[in-house]
Each structure stands twice: as C-alpha cells, then as structure tokens.
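Hi,

Here is the structure I said I would pass on. Have a look first, and my notes on the pocket and the cysteines follow below.

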Amino acid sequence: MKMKLDSFELRTKNEFDMINITERVHKFVEESGVNEGMVYVMTAHTTTSIIVNESLPCLETDIEEKLEEMVPKDAQYAHNHFLPSYGATGGNCPGHLKSMLCNYFAYFPVKEGKVVRGRAQEIYFAEFDG
C-alpha cells in the first residue's frame, strides 16, 4: 500500500470564508504517485470544516446565511465565559457548532491517478471564526 501525507496552511480574511481547494487536492493526488486508493481531506482546527458542494457564489451565500440562522452569533452559549485553561473568554462557540454541523473531513476515491468526484462537487475549506 502506498500512502502520502501533505499539509498546507490557508489564511482567511473574514469571520466566514469558503476557499475552494479542489484544484489543490487534484494536483496533490496527481503528484503523489498514488494510482488507486483514496484521498482524505481534513482540517485540524475546531472552528473550520471541509465542505463539498457546487461552486456557486449564490450557494456560498445561502450556506453562510443558513448556518448563521441555525447558529446565531448573539445566542446565549455556555462557552462564552472565562476559560482559565486559555486565559481568555471563549466567544467563538458559533464557530465550533458550525464546524460540527459541516464536518471536518471529506474523502474521495482515486482511480488511475485521478480524484473521482461528481461533476458539480467542489471541495472547500470553510472558516467560521475568522
């Protein structure tokens, strides 16, 4: 079994950001030398997600608005108090909950050295806490 691991950092600009990483994933798989298998895409931060969906600005807006409706910033959250372990007040509970709703990973088959995905499936890194 052949396996390759890679990582990269992204800098977001807004509290909510969706960055299309589809081409980056495809390039990684093509350069990896893996011909048959799986590609597993994950984020290691608790207020971010990997989202698979169509790449349409209107849909990106709908995703942001629906998540805000489901997890509003101004709700009362137990997390919003002083956290001695961090030495600061936790105020990013909405980011954690949105991440939980959207998941932190996605995976796709690799066949003949190419990522297999639906025609309209794009891979996004989503930021929920700026």
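**The largest pocket**

The largest pocket holds about 1000 Å³ of space. Its lining is made up of 34 residues, and those closest to the pocket centre are Leu5, Asp6, Tyr40, Val41 and Met42. Before you set up anything on it, bear in mind that this is a predicted model.

Where does the lining come from? Helix H1 (22–32) and three strands, S2 (37–42), S3 (48–53) and S8 (122–127), each put in at least two residues. H1 has the largest share, with seven residues. As for chemistry, the lining splits into 19 nonpolar, eight charged and seven polar residues.

**The cysteines**

How many disulfides does the structure hold? Zero. Cys58 can't form one here because the closest cysteine sulfur, that of Cys102, sits 17 Å from its own, too far for a bond; the cut-off for a disulfide is sulfur atoms within 2.5 Å. Cys93 is in no disulfide either, and for Cys93 the nearest cysteine sulfur is again that of Cys102, 14 Å away.

Are Cys58 and Cys93 buried or exposed? Cys58 is exposed, at a relative accessible area of 54%, whereas Cys93 is buried, at 11%. Cys58 counts as exposed because its value is over the 50% cut-off, and Cys93 counts as buried because its value is under 20%.

That's what I have on the pocket and the cysteines.

Cheers

Key. Residues numbered from 1 in each chain as written. Predicted model: local features only at pLDDT ≥ 70, side-chain atom pairs only at ≥ 80, totals over all residues. Heavy atoms only, no water. 1 Å grid on protein atoms, 1.4 Å probe; cavity = no way out; pocket = protein on both sides within 12 Å on 5 of 7 lines; lining within 4 Å. Points joined across faces, edges and corners; volume = space filled by probe spheres on them. Helix = DSSP H or I, 4+ residues; strand = E, 2+ residues; numbered from the N terminus. Nonpolar A, V, L, I, M, F, W, Y, C, P; charged D, E, K, R; others polar. Buried < 20%, exposed > 50% of the residue type's maximum accessible area, 1.4 Å probe, protein only.
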